[in-house]
Amino acid sequence: THTHTHTHTHTNVPARLLSQSAVAGDAAMGGASGLRPDVLVSLTAPKPCSARFAGAHHFLGGRFVPPGIVERYGLEVPEYEGAAQIVRLGP
């Protein structure tokens with residue numbers, strides 16, 4: 001279930017859109033919604049639809065994935081710095 005809250009103000013500050021994981025990401029990257037997020041947060045591992053992500057920032061939150069799952073599904077898990085729970089992907 002996705003909840004959208006819109007607040008209208010009279011300012012010149014552009015709105016930023018953040019999309020979380022595959023369902024929101026797929027809709028935001030060419031799905032029926034037409035949304036184009038600035039930020040994508042992938043959970044566990046980047047989903048195939050994230051290859052179409054054209055926003056500025058892509059993060060992965062998935063440090064918790066057990067080695068057995070990584071091996072079973074052939075996931076490519078990046079190095080996490082220190083105790084960080086997220087890592088930035090891409091440029």
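**View 1. Leu43 and Gly61, a bridge between strands E2 and E3.** In this predicted model, Leu43 has Gly61 in E3 as its bridge partner. The two strands, E2 and E3, pair in the parallel sense, and five bridges hold the pairing. Another pair to look for is Ser42, which stands opposite Leu60 in E3. If you are wondering how enclosed E2 is, four of its five residues are buried, so the rest of the structure largely encloses this strand.

**View 2. The sheet, with its four strands side by side.** Welcome to the wider scene: four strands form an open sheet in the order E1-E2-E3-E4, with mixed pairing. Which strands stand at the edges? They are E1 (18-20) and E4 (87-89), and because each has a single partner strand, one side of each is left without a neighbour in the sheet. On average, neighbouring strands of this sheet are turned by 25° against each other, direction ignored. Along the sequence, the protein chain reads β-α-β-β-α-β, with two helices and four strands in total.

**View 3. Strand E1 meets strand E2.** Here the pairing is parallel, and three bridges join E1 and E2. To find your place, start from Ser19 and look across to its bridge partner in E2, Leu40. Leu40 also turns up in View 5, as one of the residues that His58 touches.

**View 4. Strand E3 meets strand E4.** On this side of E3 the strands run antiparallel, and E3 is joined to E4 by three bridges. A handy pair to follow is His58, which stands opposite Leu89 in E4. Among the elements of the protein chain, E4 has the highest mean pLDDT, at 93.

**View 5. His58 and its surroundings.** His58 is found in strand E3. Is His58 buried or exposed? With a relative accessible area of 10%, His58 falls under the 20% cut-off, so this residue counts as buried. Its side chain makes a polar contact with the side chain of Ser42, at 2.7 Å. Leaving aside residues up to four places away in sequence, His58 touches Leu40, Ser42, Pro46, Ser50, Phe53, Val87, Arg88 and Leu89.

**View 6. Ser50, a buried residue in a loop.** Move now to the loop between strand E2 (39-43) and strand E3 (57-61), where Ser50 lies. Ser50 is buried, and its relative accessible area is 13%. Which backbone atom lies 2.7 Å from a polar atom of the Ser50 side chain? It is the backbone oxygen of Lys47. Ser50 is also among the residues touched by His58.

**View 7. Thr44 and its positive phi.** Thr44 also has its place in the loop between E2 and E3. Its phi is positive, about 70°, although Thr44 is not a glycine. As background, most residues other than glycine have a negative phi. Thr44 counts as partly exposed, with a relative accessibility of 32%.

**View 8. Arg16, in the segment before E1.** Arg16 lies ahead of the sheet's strand E1, in the segment before it. Is Arg16 buried or exposed? Its relative accessible area is 66%, so Arg16 is exposed. Now look for Pro37: Arg16 and Pro37 are 21 residues apart along the chain, and their C-alpha atoms are separated by 7.3 Å.

**View 9. The whole chain, and how far to trust it.** Stepping back, the protein chain has 91 residues, and buried residues make up 25% of them. The accessible surface comes to about 6800 Å², with 58% of it belonging to carbon and sulfur atoms. Among contacts between residues at least 6 apart in sequence, 21% join residues at least 24 apart. The average pLDDT of the protein chain is 76, and 69% of the residues score at least 70. Which element has the lowest mean pLDDT? It is helix H1 (residues 21-28), with a mean of 54. Where pLDDT is low, the predicted coordinates should not be read in detail.

Key:
Residues are numbered from 1 along each chain as its sequence is written. This is a predicted model: local features need pLDDT of at least 70, side-chain atom pairs count only at pLDDT 80 or more; totals for chains, interfaces and linings use all residues. Side-chain values use heavy atoms; hydrogens and water are left out. Buried means under 20% relative accessible area, exposed over 50%, partly exposed in between (1.4 Å probe, protein chains only). A polar contact is a pair of N or O atoms within 3.5 Å; within protein, one must be able to donate a hydrogen and the other to accept it, and residues adjacent in sequence count only if both atoms are side-chain atoms. Contact means heavy atoms within 4.5 Å. Accessible areas come from the Shrake-Rupley method with a 1.4 Å probe; for residues, only the protein chains shown count as cover. Two strands pair if DSSP finds at least two bridges between them. Axes are lines fitted to C-alpha atoms, for helices over the stretch in contact, and angles run from 0 to 180 degrees between N-to-C directions. pLDDT is the predictor's confidence in each residue, from 0 to 100.
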